[in-house]
Protein chains: 2
Amino acid sequence: MTAHRAPEGYDPHAFEPFAVTVDLAVLTIREESLRVLLVERAREPYAGSWALPGGFVLPRESAETAARRELAEETGLSGTTVAGLHLEQLRTYTEPDRDPRMRVVSVAFTALVPDPPEPRGGGDAAQARWIPYGTHAPLAFDHDRILADAHERVGAKLEYTCLATAFCPPEFTLGELRQVYETVWGVELDRPNFRRKVLATPGFVRAVEGPPRLTGGRGKPAALYRAGGATALHPPLLRPEGRSS
Amino acid sequence: MTAHRAPEGYDPHAFEPFAVTVDLAVLTIREESLRVLLVERAREPYAGSWALPGGFVLPRESAETAARRELAEETGLSGTTVAGLHLEQLRTYTEPDRDPRMRVVSVAFTALVPDPPEPRGGGDAAQARWIPYGTHAPLAFDHDRILADAHERVGAKLEYTCLATAFCPPEFTLGELRQVYETVWGVELDRPNFRRKVLATPGFVRAVEGPPRLTGGRGKPAALYRAGGATALHPPLLRPEGRSS
DNA sequence: TCCTTAAGAGTCATGTTGACTATAAAGGGT
DNA sequence: ACCCTTTATAGTCAACATGACTCTTAAGGA
């Protein structure tokens with residue numbers, strides 16, 4: 001091995017430093033479509049382009065803390081609400097020229113948000129919006145790649161974890177849960193089979209006692225469920241055609 | 001949003017910078033046990049402790065390039081050999097105090113090596129060795145956590161990808177492939193069932209034409225196989241009890 | 001009132017898996 | 001040589017899971 005850690009006399013200011021940022025792929029489901037929170041850049045580079053929200057990791061913050069702080073700022077959700085959201089490290093993007101100004105290493109996160117609030121713009125972003133996945137022009141920096149990786153990861157995790165409930169409000173119907181799968185995977189699932197599978201998986205969902213009904217529009221009222229305690233799905237709920245990872 | 005990217009007049013040297021390193025969890029299978037490449041630290045902090053190999057990301061390198069360079073240096077394998085090994089980003093560790101000297105963000109990788117060569121020591125490492133997983137004293141920094149995450153990830157990926165062949169030499173028997181699963185998962189698998197599953201998965205392995213036999217010790221000679229082109233396993237090969245991710 | 005939509009109960013054939021049995025082909029020991 | 005142990009490989013069988021459907025119930029809308 002060469003220099004495993006900073007040598008004893010290492011001077012942090014001696015060479016061109018790395019900047020460390022977080023980028024967030026914030027996903028939600030609204031009106032039958034998978035949407036991602038994007039901001040329009042107000043300044044160069046990529047002024048006028050859309051990008052994933054994100055920002056610098058502060059000197060005494062972990063990347064996850066920074067991500068949660070940015071998430072609260074971008075979505076306008078309260079800190080306590082954001083604390084309950086699903087936030088997961090995706091991967092880190094380190095290509096030397098990914099930012100034309102300087103060396104920036106970005107730790108990307110995926111966040112899943114139920115029931116999306118209207119985002120606030122502000123800062124050096126012209127505006128922030130929930131854009132249907134795949135309908136936007138190419139994003140700034142390498143954000144198309146990050147977003148594609150996030151979509152791929154979420155799609156794969158739906159197969160073998162109970163992650164889908166993270167897209168749903170505290171109480172939801174099996175129809176809403178099924179829509180999560182259909183929207184992320186871009187397929188249609190057989191209702192009775194989906195229902196059988198979910199209910200047969202211990203800990204995936206828990207029936208809500210109260211009035212066993214709810215109206216979302218037409219059709220027979222559906223029973224309400226809450227997320228169960230389980231995190232893994234054994235056996236998994238595989239995509240119809242499907243690849244993974 | 002606050003400051004999405006470095007403002008125009010941003011001075012890279014203005015504040016305490018982050019250092020960016022890579023850490024490698026290099027795994028192999030030798031003598032029926034899962035082993036990890038560890039180095040003994042020659043200097044403070046954690047002098048005398050064992051740690052994962054790793055080092056700085058150079059100014060014009062991506063993290064993956066740095067990881068592959070370190071991997072070649074640590075294992076003594078040639079650059080062309082290392083180019084063929086499975087190397088995958090695990091996650092990034094960013095706790096502010098993970099290194100007592102300065103702010104270090106570390107991008108961790110998992111590497112899978114068949115047929116482990118003897119490592120070379122050198123640099124500021126006292127020595128480097130293949131240590132059976134779980135038998136070592138607590139590692140330096142947060143490397144126990146990184147190593148546990150790597151083990152968990154590899155175990156999970158064996159379920160739904162063809163990753164197991166990355167632990168095997170170019171030609172291997174189904175017994176060797178089964179040992180990969182048994183060693184990483186710490187379970188025993190039923191031979192006929194394992195065989196049936198692997199052979200029934202298109203593209204997992206390809207039979208080698210030549211002399212359909214090989215001697216590893218006692219028992220009937222086994223046919224040889226090579227890795228097939230597939231990367232995903234559908235349906236997956238689930239762990240006996242098992243959780244995932 | 002009829003039609004449409006969605007929930008939810010059930011059926012049936014097929015595919016996969018776990019548990020086992022049996023046979024073949026080596027090596028080691030006596 | 002012979003027997004025993006070890007490992008590969010071929011099958012069998014029942015339990016389980018899944019995909020494709022059918023049918024009934026309970027809304028809302030025209």
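A residue counts as near a molecule or strand when one of its heavy atoms lies within 4 Å of it. In this predicted model, 23 residues surround DNA strand D, and the closest are Asn193(A), Arg196(A), Arg191(B), Arg195(B) and Ala223(B). The residues of this surface comprise 11 charged, seven nonpolar and five polar. On the DNA side, 60% of the strand D atoms within 4 Å of the protein belong to sugar or phosphate, and the rest belong to bases.

Individual polar contacts fill in this picture. A polar side-chain atom of Arg195(B) is placed 2.7 Å from a phosphate oxygen of DNA strand D, while a polar backbone atom of Ala223(B) lies 2.8 Å from a phosphate oxygen of that strand. In chain A, a polar backbone atom of Lys220(A) is 3.5 Å from a base nitrogen of DNA strand D. The elements that give two or more residues to the surface are helix 5 (191-200) of chain A and, from chain B, helix 4 (174-185) and helix 5 (191-200). Helix 5 of chain A gives the most, with four residues.

The aromatic rings may be considered next. Over all chains, seven aromatic pairs are counted. One of them joins Tyr46(A) and Phe141(A) in a tilted arrangement, with 4.8 Å from centre to centre and 55° between the planes. Tyr46(A) belongs to the loop between strand 2 (33-41) and strand 3 (50-51) of chain A, and Phe141(A) to the loop between strand 7 (125-132) and helix 3 (143-160) of chain A, so the pair ties together parts that are 95 residues apart in sequence. Tyr46(A) is partly exposed, with a relative accessible area of 33%, whereas Phe141(A) is buried at 10%.

The rings of Tyr181(A) and Trp185(A) have planes at 75° and centres 5.0 Å apart, so this pair is edge-to-face. Both residues lie in helix 4 of chain A, four residues apart, about one turn of the helix. Tyr181(A) and Trp185(A) are both buried, and they form one aromatic cluster with Phe194(A).

Charges also sit over rings. The charged end of Arg91(A) is positioned over the ring of Tyr93(A), 4.9 Å from its centre, and Arg91(B) lies over the face of Tyr93(B), at 4.9 Å from the ring centre.

Finally, Ala227(A) is found in strand 9 (residues 225-227) of chain A. Ala227(A) is partly exposed, with a relative accessible area of 33%. Beyond residues up to four places away in sequence, Ala227(A) touches Thr165(A), Pro170(A), Phe172(A), Phe204(A), Val205(A) and Arg206(A).

Definitions and conventions
Residues are numbered from 1 along each chain as its sequence is written. Chains are lettered from A and ligands numbered from 1 in the order in which they are written. This is a predicted model: local features need pLDDT of at least 70, side-chain atom pairs count only at pLDDT 80 or more; totals for chains, interfaces and linings use all residues. Side-chain values use heavy atoms; hydrogens and water are left out. A polar contact is a pair of N or O atoms within 3.5 Å; within protein, one must be able to donate a hydrogen and the other to accept it, and residues adjacent in sequence count only if both atoms are side-chain atoms. Ala, Val, Leu, Ile, Met, Phe, Trp, Tyr, Cys and Pro count as nonpolar, Asp, Glu, Lys and Arg as charged, and the others, Gly among them, as polar. Buried means under 20% relative accessible area, exposed over 50%, partly exposed in between (1.4 Å probe, protein chains only). Contact means heavy atoms within 4.5 Å. Rings of Phe, Tyr and Trp (its six-membered ring) pair if their centres lie within 6.5 Å; planes under 30 degrees apart count as stacked, over 60 as edge-to-face and the rest as tilted. A charge sits over a ring if NZ of Lys or CZ of Arg is within 6 Å of the ring centre and within 35 degrees of the ring normal.
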